[in-house]
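Let's take a relaxed walk through a protein model, one piece at a time. Have the structure open beside you and find each residue as it comes up.

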Amino acid sequence: MSNDLTLVTKPLEAANGLPNSHYTDQSVYELEKRALFFEGWPGLCVASEVPKIGDAIPMSFMGMPLLVIRGKQGEVQVFQNICRHRGMILVKEKKNIEGAIRCPYHSWCYSTEGNLLVTPHVGGPGMNTHPNIDKNTLGLIKVRSCVWRDVIFINISGDAEPFENIHKNLMTRWEEFEQPLFHGGEDSKFLLDVKCNWKLAVENYCESYHLPWIHPGLNTYSKLEDHYNINEPNLYSGQGSLLYRQFLGNNGAAFPNFADLSDKWTDGAEYITVYPNVLLAVQKDHVYATILNSTSINTTEEHMHIYYASSDTDPKMREDNCMQWEGIFIEDIFVVEGMQTGRQCSGFDGGRFSPTMDGPTHCFHAWVANKLLNLNHTLSA
Amino acid sequence: MNKKIKIDQLIIEAHSKNDRENLIKLYFEASKLFSKIEEISFFLTQAYVFSLDVGDDIESKKLFYMLKQHSRI
């Protein structure tokens with residue numbers, strides 16, 4: 001079957017989906033890692049995971065060890081999680097850094113802002129300096145980062161256009177939700193391990209076509225015709241609902257709504273993927289962010305975090321709401337895993353899209369294809 | 001028991017328990033048992049690193065200036 005990406009970037013009506021190799025071929029995975037993740041603005045985790053000053057989490061981001069830390073001024077920073085001396089991993093488990101980040105190998109110490117503080121015995125026993133060791137040039141390697149809607153987005157290459165510029169359109173679209181978000185805590189997050197390439201989770205999230213079949217429970221109150229496609233080429237895609245039904249507790253109680261929302265959001269909700277890997281939702285009473293962590297070409301972690309308009313919400317309701325969402329995400333697992341298995345069929349040509357229903361998936365595929373075509377152009381230049 | 005041997009044992013014990021506060025004290029005490037500047041600085045450095053590790057600003061400032069006095073940092 002053809003690996004010609006120009007078939008993917010054709011208009012929706014004539015396009016094919018991404019070829020099998022984008023789900024099964026390690027060399028393509030490596031190209032995507034560079035073009036879509038390292039040179040773009042993927043989500044890493046959420047800032048609520050490091051609530052206190054000094055909180056630090058080691059992460060593996062597509063195989064690269066990173067360290068997320070809340071510095072002394074309260075700002076969230078991301079570093080490559082290695083000592084500048086011998087490349088030793090600095091922090092192995094989630095912890096609170098009380099003082100310095102000390103390398104467990106030769107005890108080079110760094111501040112939580114990444115500055116190299118001391119290089120013990122570097123000039124011999126008891127001599128902590130050496131003319132060739134310039135501490136000012138040997139701080140931790142900082143990863144460019146930006147926090148939006150509590151999600152920490154990173155740009156490994158360091159040269160992408162600023163996040164705020166790229167996503168101005170979406171920020172404007174959801175301007176009304178630029179309000180304090182309160183993470184519901186331990187009862188408002190979950191993790192699902194899914195045996196599929198990360199893109200299949202994106203594709204499934206973007207479209208509403210599957211709702212009547214995979215989520216019949218949702219369909220009883222939010223029918224297919226109540227949904228619309230969201231396509232912003234090269235930026236994001238997803239779906240919207242014109243009939244959002246608010247979650248209610250056993251006694252009929254509702255979560256408080258976000259303040260001063262326009263009428264659009266009384267019954268409306270939107271579900272959008274910020275490319276490449278952040279699934280976001282806005283609804284009048286709660287929002288969520290799901291970050292897809294690609295752990296291999298055919299395994300993905302889905303990290304879900306739910307936020308409310310107030311810090312004072314009912315724990316039982318939060319727990320029930322989280323369970324409801326987890327149930328919906330679980331309903332999708334057999335689909336994305338089934339499509340991953342299907343990518344082993346040599347006859348599959350990327351698939352034919354519904355010109356009416358599959359716009360958001362095509363929008364995502366075209367973004368992937370264009371990024372890879374640009375990378376190939378760069379590599380061959 | 002020889003003071004140096006005794007403190008050496010205490011340091012090993014503190015390392016085994018990852019008792020960093022105690023290591024600051026013990027390495028500092030050990031520095032007093034030596035006379036050569038290289039030896040003194042070695043132990044002061046050890047104490048200084050653990051003071052940074054635990055975020056003991058008072059101790060780390062004190063140890064930093066002691067090492068600075070000897071042009072060791």
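## A loop residue to start with

Asp260(A) counts as exposed, because it has just 7 C-beta neighbours inside 10 Å. Keep in mind that this is a predicted model. You'll find Asp260(A) in the loop between strand E14 (236–241) and helix H8 (264–267) of chain A. Its backbone is worth a look too: Asp260(A) has a positive phi of about 55°, although it is not a glycine. Why point that out? Most residues other than glycine have a negative phi, and most peptide bonds are trans.

Asp260(A) has company. His121(A) isn't a glycine either, and its phi is positive at about 60°. This residue sits in the loop between strand E8 (116–118) and strand E9 (142–148) of chain A. His121(A) has 19 other C-beta atoms within 10 Å, so it is partly exposed.

And which peptide bond is cis? The one from Tyr275(A) to Pro276(A), with omega near 5°. Pro276(A) belongs to the loop between strand E15 (269–274) and E16 of chain A.

## Counting neighbours

Here are some chain A residues side by side, with their C-beta neighbour counts.

| Residue | Other C-beta atoms within 10 Å | Class |
|---|---|---|
| Asp260(A) | 7 | exposed |
| Ile89(A) | 14 | partly exposed |
| Thr295(A) | 15 | partly exposed |
| His121(A) | 19 | partly exposed |

Take Ile89(A), which is in the loop between strand E4 (76–80) and strand E5 (95–96) of chain A. Skipping residues up to four places away in sequence, Ile89(A) touches Pro65(A), Asn81(A) and Ile82(A). The C-alpha atoms of Ile89(A) and Thr299(A) are 24 Å apart, and their positions lie 210 residues apart along the chain.

Thr295(A), on the other hand, is part of strand E17 of chain A. How far is the C-alpha atom of Thr295(A) from that of Lys284(A), 11 residues apart along the chain? The separation is 33 Å. With neighbours within four places in sequence left aside, Thr295(A) is in contact with Thr300(A) and Glu301(A).

## Two domains in chain A

Now zoom out. Chain A splits into domain 1 (5–41 + 168–377) and domain 2 (45–155). Taken over C-alpha atoms, the centres of these domains are 32 Å apart. Where they meet, 14 residues of domain 1 of chain A are in contact with nine residues of domain 2 of chain A. On the domain 1 side, the elements giving two or more residues are helix H2 (26–38), strand E16 (278–282), strand E17 (286–296) and strand E18 (299–308) of chain A. That side of domain 1 has eight nonpolar, five polar and one charged residues.

## Helices in chain A

H2(A) also packs against helix H11 (residues 359–380) of chain A, at an angle of about 100° and with the axes 9 Å apart. Therefore H2(A) is roughly perpendicular to H11(A). Which residues meet there? From H2(A) come Leu31(A), Glu32(A), Arg34(A), Ala35(A) and Leu36(A), and from H11(A) come Val368(A), Lys371(A), Leu372(A) and Leu375(A). By class, this helix contact has six nonpolar, no polar and three charged residues.

Helix H5 (residues 198–206) of chain A is largely enclosed by the rest of the structure, because nine of its nine residues are buried. The buried residues include Trp198(A), Lys199(A), Glu203(A) and Tyr205(A).

## The core and the partner chain

Ala201(A), one of the buried residues of H5(A), turns up again in the largest nonpolar core. This core has 108 residues, and those with the most contacts inside it are Val68(A), Ile152(A), Ala201(A), Tyr27(B) and Ala47(B). Helix H3 (residues 37–54) of chain B gives the largest share, nine residues. The core also draws at least three residues from each of domain 1 and domain 2 of chain A.

Try picking out Ile152(A) on your screen. Beyond its neighbours within four places in sequence, its contacts include Gly43(A), Val68(A), Val76(A), Val78(A) and Val147(A).

Finally, how many residues of chain A are in contact with chain B? There are 15, and they contact 13 residues of chain B. The chain A side is made up of seven nonpolar, six polar and two charged residues.

Key: Residues numbered from 1 in each chain as written. Chains lettered and ligands numbered in written order. Predicted model: local features only at pLDDT ≥ 70, side-chain atom pairs only at ≥ 80, totals over all residues. Domains from an automatic or database assignment. Contact = placed C-beta atoms within 7 Å. Helix = DSSP H or I, 4+ residues; strand = E, 2+ residues; numbered from the N terminus. Nonpolar A, V, L, I, M, F, W, Y, C, P; charged D, E, K, R; others polar. Core = buried A, V, L, I, M, F, W, Y, C linked by C-beta atoms within 7 Å. Buried ≥ 20, exposed ≤ 12 C-beta atoms within 10 Å, placed from the backbone. Axes fitted to C-alpha atoms, helices over the stretch in contact; angles between N-to-C directions. Parallel < 35°, antiparallel > 145°, perpendicular 65-115°, else oblique.
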